[in-house]
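Welcome! Let's take a walk through a protein model together, one stop at a time.

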Amino acid sequence: MSDTNVGLIGLGTMGSALALNIAEKGFNLAVTTLRPERVDAFLNDAADLHGNISDHLTGAKSPEEMVAALTSPRSLILLVPAGKAVDAIVETYAPLLEPGDTIIDAGNANFHNTRKRAELLAAKGLHFVGMGVSGGEEGARHGPSIMVGGAAESFVPIRPMIEAISAKFEGDPCADWLGPDGAGHFVKTVHNGIEYADMQLISEVYGLLRDGEAVAPKDIGVLFEGWNAGGLSSYLMEISAEILQTTDPDTGAPMVDVIKDKAGQKGTGRWTVIEALSLGQSASAIEAAVGARGWSADLAARARGEALFPGVGQKAVVFDRDDLEAALLAARIIAYAQGFQVLTAASEEYDWNVDMARVAEIWRAGCIIRSALLDDISDAFRGDLPDGRLLFAPAFHDALSKGSDAMRRVIASAIAQGLPVPGFSAALAWFDTMRQARGTTNMVQAQRDFFGAHGFERLDQSGVHHGPWGS
Ligand code: 6PG
């Protein structure tokens, strides 16, 4: 066996899948985990189930064994839960490694932590790479989208492996180095924020048809399947169509009907919103999705609310199917536009110089938000984008014009029936704000000046002014 300079720590679902992917592409890999007994089990399974692949794998039972198994420059990929586990591994391994070695955190980390870890390790001559990996278990095993951040030189030795294991879009690897320190993890965070918004919007359409028209899940699934063949083509649309046509083997009921309406979240969607606000932005469609998951957790209170204020969805409005499809496409464009705007603001704030077109390109396959739209988005960023704003890309003008009108009709009907559409409402409010040259914050400025003498700018004179309030 030739030299092994890559190690992988963490043999959970994602770690095991990524290890097999790496070995399958012909790269030697040493693996270990926090529970050393799991190493043999993994290697035995690999030998039983994937004979040739396992020739590229070796096991290590301790950090010292792991480091000794690797030739320099070493790259250690971590697939462990974000937070304390990463810090513990960094603390254990840093003294064992040599300058030029790299620790790659492939989990969903908060980019602020990635920045701190990169700084800490840089002082010891070590690289810390924050690497976003998207695509779930299937992606990790057969080709994820990979968003790399960290010192540019740390990407050079790992690039061939990263590109080989990544998904490909028409032959182009869906993996790249996107910027220094936290850039990779930030891009992954925004990816997840967009993922939250898209999932919420699809779920809202499902809700309108279920509660507004009593359409059976499988029929909604068939409708989604049709949409997936058009402009809405995407992984999330595809799985939603399949989910809605799946039956619960225990009860024979539609699978979605037996699932509790209470969504979990691990934090990446929330981080997108927090960072957006910190950067003076508002990714409102993403925020609506994060909020909706939060509200969903309040199940008991919602049951009380329904008893106190009954009458949801009783007016039997029929939603025009073309309107729903156009509205969903427009709202999806808006969610992407908000995500990319947050990314642009962060890239400027932290001097990352992220190539937005490349981000869109590496999201075209392998990741959870892969969609037909991303090809148009990357073209838009490569072309002449008015103001750098995706929202104003000529390619999306028609979809947004028609889709925003459709959104108005859909939202109006939903509201008339008392059906909540927080994602659509937030998306439309932002769109309407961005197409109104004179909004209403002149009034806010007047109020601020009235009670706090904060001053305002005038339309007709330069400088800071105050109003003649109360004089
Ligand atoms: C991906 C996913 C993945 C994970 C999300 C789910 O890109 O492969 O985004 O990272 O499924 O973190 O997050 P929640 O548990 O917060 O929904």
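Our walk starts at D351, which is exposed, with a relative accessible area of 64%. You will find D351 in the loop between α15 and α16 (356–362). Keep in mind that this is a predicted model. The backbone at D351 has a positive phi of about 60 degrees, although D351 is not a glycine. Most residues other than glycine have a negative phi. A second stop of this kind is D387, whose phi is positive at about 65 degrees, though D387 is not a glycine either. D387 belongs to the loop between α17 (372–382) and α18 (394–417), and with a relative accessible area of 65%, D387 is exposed.

Now for another backbone detail. Most peptide bonds are trans. However, the bond that joins S72 and P73 is cis, with omega at about -5 degrees. Look for P73 in the loop between α4 (63–69) and β4 (75–78).

Let's step back and take in the whole chain. The protein chain is divided into domain 1 (6–181), domain 2 (189–434) and domain 3 (443–471). Between the centres of domain 1 and domain 3, taken over C-alpha atoms, there are 56 Å.

What holds the inside of the picture? In soluble globular proteins, nonpolar side chains tend to be buried together. Here, the largest nonpolar core has 90 residues, and those with the most contacts inside it are F224, F340, W363, I377, M407 and F424. Helix α15 (residues 321–350) supplies the largest share of this core, 16 residues. Domain 1 (6–181) and domain 2 (189–434) each contribute at least three residues to this core. Zoom in on F224: leaving aside residues up to four places away in sequence, F224 touches I202, V205, Y206, M237, S240, A241 and L244. Apart from the largest core lies another core, of 33 residues, including A17, A23, L43 and L79.

Next, turn to the aromatic rings. A search of the whole structure finds ten aromatic pairs. One of them is formed by F111 and F186, which meet edge-to-face, with 4.8 Å from centre to centre and 85 degrees between the planes. This pair links distant parts of the chain: F111 sits in helix α6 (residues 111–122) and F186 in helix α9 (residues 183–213), 75 residues apart. Are F111 and F186 buried or exposed? Both F111 and F186 are buried. Together with Y350 and W352, F111 and F186 form one aromatic cluster. Rings can also have a charge as a partner: the charged end of R293 sits over the ring of Y196, 3.5 Å from the centre of that ring.

Our last stop is a pair of cysteines. How many disulfides does a search of the whole structure find? The search finds zero disulfides. Why is there no bond from C174 to the closest cysteine sulfur? The closest cysteine sulfur belongs to C367, and the two sulfurs do not bond because 7.5 Å is too far; a disulfide needs sulfur atoms within 2.5 Å. Seen from the other side, C367 is in no disulfide, and its nearest cysteine sulfur is that of C174. C174 is buried, with a relative accessible area of 1%, and C367 also counts as buried, at 0% relative accessibility.

Definitions and conventions. Residues numbered from 1 in each chain as written. Predicted model: local features only at pLDDT ≥ 70, side-chain atom pairs only at ≥ 80, totals over all residues. Heavy atoms only, no water. Core = buried A, V, L, I, M, F, W, Y, C linked by side-chain atoms within 4.5 Å. Buried < 20%, exposed > 50% of the residue type's maximum accessible area, 1.4 Å probe, protein only. Helix = DSSP H or I, 4+ residues; strand = E, 2+ residues; numbered from the N terminus. Domains from an automatic or database assignment. Contact = heavy atoms within 4.5 Å. Phe/Tyr/Trp six-rings, centres within 6.5 Å; stacked < 30°, edge-to-face > 60°. Lys NZ or Arg CZ within 6 Å of the ring centre and 35° of its normal.
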